[in-house]
Number of protein chains: 2
Amino acid sequence: MDTLDTMAETFKLLSDKTRLTILSLLKERELCVCNIVDMLQMSQPSISQHLRKMKAGGLVSESRRGKWTYYALTIDDKPFVNEILSHIPSQSSKIEWLDNQESVCD
Amino acid sequence: MDTLDTMAETFKLLSDKTRLTILSLLKERELCVCNIVDMLQMSQPSISQHLRKMKAGGLVSESRRGKWTYYALTIDDKPFVNEILSHIPSQSSKIEWLDNQESVCD
DNA sequence: CAATTATGTAATTATATGCTTATATAATTG
DNA sequence: CAATTATATAAGCATATAATTACATAATTG
């Protein structure tokens with residue numbers, strides 16, 4: 001059980017449509033920044049800033065592999081956030097779209 | 001299942017500490033505005049504005065009875081919000097404090 | 001019905017937020 | 001190692017948000 005302050009901060013992270021979409025995408029699998037940029041059709045700095053905030057809030061983790069930085073959910077120990085994300089509409093179609101794309105980032 | 005937009009809007013309502021506290025208080029029982037003002041030690045207009053936003057977002061309902069306007073949770077049909085509120089730390093001690101107060105509003 | 005009590009609303013202000021542009025850093029590749 | 005690719009960061013701007021102050025409305029009470 002978190003404090004009200006901690007929970008409010010988490011909700012602030014969840015209250016942005018872009019971040020919520022990113023989280024729902026990461027629910028499917030880990031993704032690199034350029035993947036997310038492609039799928040959301042938004043600028044790279046904007047996506048990077050959202051990812052930074054979510055990392056600071058403990059919702060995602062990053063791991064650099066070669067040129068790419070991959071982000072993944074880190075909510076296994078957060079039952080409360082897990083429960084919330086289970087209610088988010090699936091973005092699997094966007095993931096399928098990504099898989100059918102010519103790789104844009106490389 | 002709501003849309004991402006709807007969910008983001010709900011999270012925005014939940015992302016303010018004052019509103020989150022009010023919701024957790026209303027989980028205990030319905031309260032009039034002056035009760036909430038007393039418990040949160042905040043100005044009446046500020047509380048009123050928060051309540052208005054939550055009413056617009058469908059989280060609470062108001063019912064005027066005499067001089068007082070009572071607010072109550074309206075999340076029975078919102079399993080998703082219900083689930084979230086079940087994770088909020090209890091505010092029952094604040095309610096007890098209220099019950100032991102000389103009635104401040106009247 | 002005038003005064004009081006409870007609440008709502010509008011205007012203002014200060015701060016927070018998200019996006020863009022420009023630039024920096026880091027790894028890769030030819 | 002120079003050029004390219006992927007990502008991060010900083011500065012600036014426009015909008016959003018929450019709180020205060022002042023005022024409006026509504027019901028109650030003497």
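Buried here means under 20% relative accessible area, counting protein chains only. Keep that in mind for helix 1 of chain B, a good place to start in this predicted model. Its buried residues are Leu4(B), Met7(B), Ala8(B), Thr10(B), Phe11(B), Leu13(B) and Leu14(B). From there we can move on to how chain A and chain B meet, and then to DNA strand C.

**What sits over helix 1 of chain B**

- Helix 1 of chain B spans residues 4-14, and the cover over its buried residues includes pieces of both chains.
- From chain A, that cover includes helix 1, helix 2 and helix 5.
- From chain B itself, the cover includes helix 2 (17-28), helix 4 (44-56) and helix 5 (79-85).

**Where chain A meets chain B**

- Each chain puts residues into the contact: 23 from chain A and 23 from chain B.
- Together the two chains bury about 2100 Å², with 74% of that on carbon and sulfur atoms.
- On the chain A side, Leu4(A), Phe11(A) and His87(A) lose the most area to chain B, together 31% of what that side buries.
- Two salt bridges turn up across this interface; Asp5(A) and Lys17(B) pair up through their side chains in a salt bridge, at 3.5 Å from N to O.
- There are also four residue pairs in polar contact across the interface, with both residues at pLDDT 80 or more.
- Helix 1 (4-14), helix 2 (17-28) and helix 5 (79-85) of chain A each give at least two residues to the side that touches chain B.
- Helix 1 of chain A has the largest share of that side, with seven residues.
- Sorted by class, the chain A side comes out as eleven nonpolar, six polar and six charged residues.

**Around DNA strand C**

- DNA strand C has 29 residues around it, and those that come nearest are His50(A), Lys53(A), Tyr71(B), Cys105(B) and Asp106(B).
- Looking at the strand's atoms within 4 Å of the protein, 71% belong to sugar or phosphate, and the rest to bases.
- Phosphate oxygens of the strand lie 2.9 Å from a side-chain N or O atom of Arg19(A) and 2.6 Å from one of Tyr71(B).
- Gln49(A) reaches a base instead: one of its polar side-chain atoms is 3.3 Å from a base oxygen.
- Two or more residues each come from helix 2 and helix 4 (44-56) of chain A, and from helix 3 (33-40), helix 4 and strand 3 (68-73) of chain B.
- By class, the surface near the strand holds nine nonpolar, ten polar and ten charged residues.

Notes: Residues are numbered from 1 along each chain as its sequence is written. Chains are lettered from A and ligands numbered from 1 in the order in which they are written. This is a predicted model: local features need pLDDT of at least 70, side-chain atom pairs count only at pLDDT 80 or more; totals for chains, interfaces and linings use all residues. Side-chain values use heavy atoms; hydrogens and water are left out. Contact means heavy atoms within 4.5 Å. Buried area is the accessible area (1.4 Å probe) that two parts lose on being put together, summed over both. A salt bridge is a side-chain nitrogen of Lys or Arg within 4 Å of a carboxyl oxygen of Asp or Glu. A polar contact is a pair of N or O atoms within 3.5 Å; within protein, one must be able to donate a hydrogen and the other to accept it, and residues adjacent in sequence count only if both atoms are side-chain atoms. Helices (H or I, at least four residues) and strands (E, at least two) are DSSP runs, numbered from the N terminus. Ala, Val, Leu, Ile, Met, Phe, Trp, Tyr, Cys and Pro count as nonpolar, Asp, Glu, Lys and Arg as charged, and the others, Gly among them, as polar. Buried means under 20% relative accessible area, exposed over 50%, partly exposed in between (1.4 Å probe, protein chains only). A residue is near a molecule or strand if one of its heavy atoms lies within 4 Å of it.
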